[in-house]
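Work through these exercises with the model open. Try each task before you read its solution.

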Amino acid sequence: MLAPSEYEGTPTRGYLDTATYGLPPHSTLAAVEEAVAAWRGRGSWLRWEEDGEACRELFARIVGAEPGEIAFVAAASVAAGIVAASLPAKAGDNVVLYERDFDSVMFPWLPLAERGVELRLLPLEQLADGVDERTALVAVSLVQSADGRAADLQALKATGARLFLDGTHAVGSVAIDLDGIDYLVAHSYKWLLSPRGLAFFYVDPARLDEITPWLAGWKSRSNPFDDFYGAPELAKDAHRLDVSIPWFSAGGARASLELIAGLGIEAIAEHDLGLARSFAAELGVPEPASPIVRVHVEAAEEAVDRLRRAGVSCSSRSGSIRFAFHLYNDEDDVALALEALGPAAVRVPRQ
């Protein structure tokens, strides 16, 4: 386990469901409780805004960006929707999507079909092959939530097409190289161990002028704390895309992001992937590309109930069971899941 003091006394044993939500560190819970107490005690809202700005800087550090390249959004679909509404695509152009991606990654692009834009829904391994001179953008989850598969990022970057990535199941457990990525969004309540409600949106500065700030609010102006009236000019950087932040979530997220940044993504990635690969090797399933392992069993829902009775938290997805390993897990969690799973597991083919 990494950061054991942050989880001492917390029931982390057998929790293999970070792909649904992450478990909060002690410091995160304390920060949320402090923010709520300050609310009751008429504390200053500016302190909560300071927490938000600290989160922006920490997220930028984690993904290797500059703070001015990061905007606050409420969810991954919000970022996708802003890009889709602004995308310079016309009839005859196309957008390339993975045919079984998470709905929030797919829905925002569907209205483009009404403008005559072709939506190319392809297998994950064929995304790069679907790009041509009329491709306006490729949108895909960097790590698939259902089974942990990862898109061939290098092949996609090599196409030169605009690239929109949902990194919700990558940032916090997988190292990211932003070179060649135009847009990256990540919610913080899973692998970043934060309260739900605060998501981060990276925009390559070269693409910023392409995006219309449809959701601009008071935080989108150049100096948001100087004045709140009169619609002055928007910020020159990604702050122009900011929405209002959830104050109490920001306090908790700050503590979680400080923990993630302090441990280092490389160390977390090595730990998480090592556990996932150890688990997969024991089951004889293909080596995973991320900390998410998909295992096919007969009667998946019944198997999940059996696992939960044994103290293992996991999820059923498309007839399989999804296990997700993170920094509060160790080899004892691997052993517990293997014992509880028993002989029901069978090899699942990669698709």
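**Exercise 1. Test the length of helix α2, then find what surrounds it.**

Step 1. Take the expected span, which is 1.5 Å times one less than the number of residues. For the 19 residues of α2 that gives 27 Å, and the end C-alpha atoms are 28 Å apart, so the two agree. Helices here are DSSP runs of H or I with at least four residues, strands are runs of E with at least two, and both are numbered from the N terminus.

Step 2. Note the source. This is a predicted model, in which local features need pLDDT of at least 70, side-chain atom pairs count only at pLDDT 80 or more, and totals for chains, interfaces and linings use all residues. Residues are numbered from 1 along each chain as its sequence is written, and side-chain values use heavy atoms, with hydrogens and water left out.

Step 3. List the buried residues. Buried means under 20% relative accessible area, exposed means over 50%, and partly exposed lies in between (1.4 Å probe, protein chains only). In α2 the buried residues are W48, E49, D51, G52, A54, C55, R56, L58, F59, A60, I62 and V63.

Step 4. Find their partners. Contact means heavy atoms within 4.5 Å. The buried residues of α2 pack against α1, β1 (70-73), β6, β7, α6 and α7.

**Exercise 2. Do the same for α6 and α7, and inspect the residue after each.**

Step 1. Start with α6. Its 17 residues reach 25 Å from first C-alpha to last, close to the expected 24 Å.

Step 2. Look at its buried side. S249, A250, G251, G252, A253, A255, S256, L257, L259, I260 and A261 are buried in α6. They pack against α1 (26-40), α2, β7 and α7.

Step 3. Move on to α7, residues 265-283. Its 19 residues should span 27 Å, and its end C-alpha atoms are 27 Å apart, which agrees.

Step 4. Its buried residues are I265, I268, A269, H271, D272, L273, L275, A276, F279 and A280. Their cover includes α2 (45-63), α6 (247-263), β8 (292-297), β10 (320-324) and α9 (331-341).

Step 5. Check the ends. G264, just after α6, has a positive phi of about 90°. G284, just after α7, has a positive phi of about 75°.

**Exercise 3. Which residues other than glycine have a positive phi? Compare the settings of R42 and L193.**

Step 1. Recall the background: most residues other than glycine have a negative phi.

Step 2. R42 has a positive phi of about 65°. It sits in the loop between α1 and α2. R42 is exposed, because its relative accessible area is 80%.

Step 3. L193 has a positive phi near 60°. It sits in the loop between β6 (183-187) and β7. L193 is buried, at 0% relative accessibility.

**Exercise 4. Place F200, S86 and G342, and classify each as buried, partly exposed or exposed.**

Step 1. F200 lies in strand β7, residues 199-203. With a relative accessible area of 0%, F200 is buried. Leaving aside neighbours within four places in sequence, F200 contacts residues including C55, R56 and F59 of α2. L257 of α6 is also among its contacts.

Step 2. S86 belongs to helix α3, residues 76-86. At 12% relative accessibility S86 is buried. Beyond four places in sequence, S86 contacts E210, I211, T212 and W214.

Step 3. G342 is in the loop between α9 and β11 (345-346). At 32% relative accessibility G342 is partly exposed. G342 and L283 are 59 residues apart along the chain, and their C-alpha atoms are separated by 9.8 Å.

**Exercise 5. Describe the whole chain in numbers.**

Step 1. Count elements: the chain has 9 helices and 11 strands.

Step 2. Test the overall size. The radius of gyration is taken over C-alpha atoms, and the globule rule is 2.2 Å times the number of residues to the power 0.38. For 351 residues, a compact globule would be near 20 Å; the chain has 21 Å, which agrees.

Step 3. Add burial and contacts. Buried residues make up 54% of the chain. Of the contacts with a separation of 6 or more, 71% join residues 24 or more positions apart.
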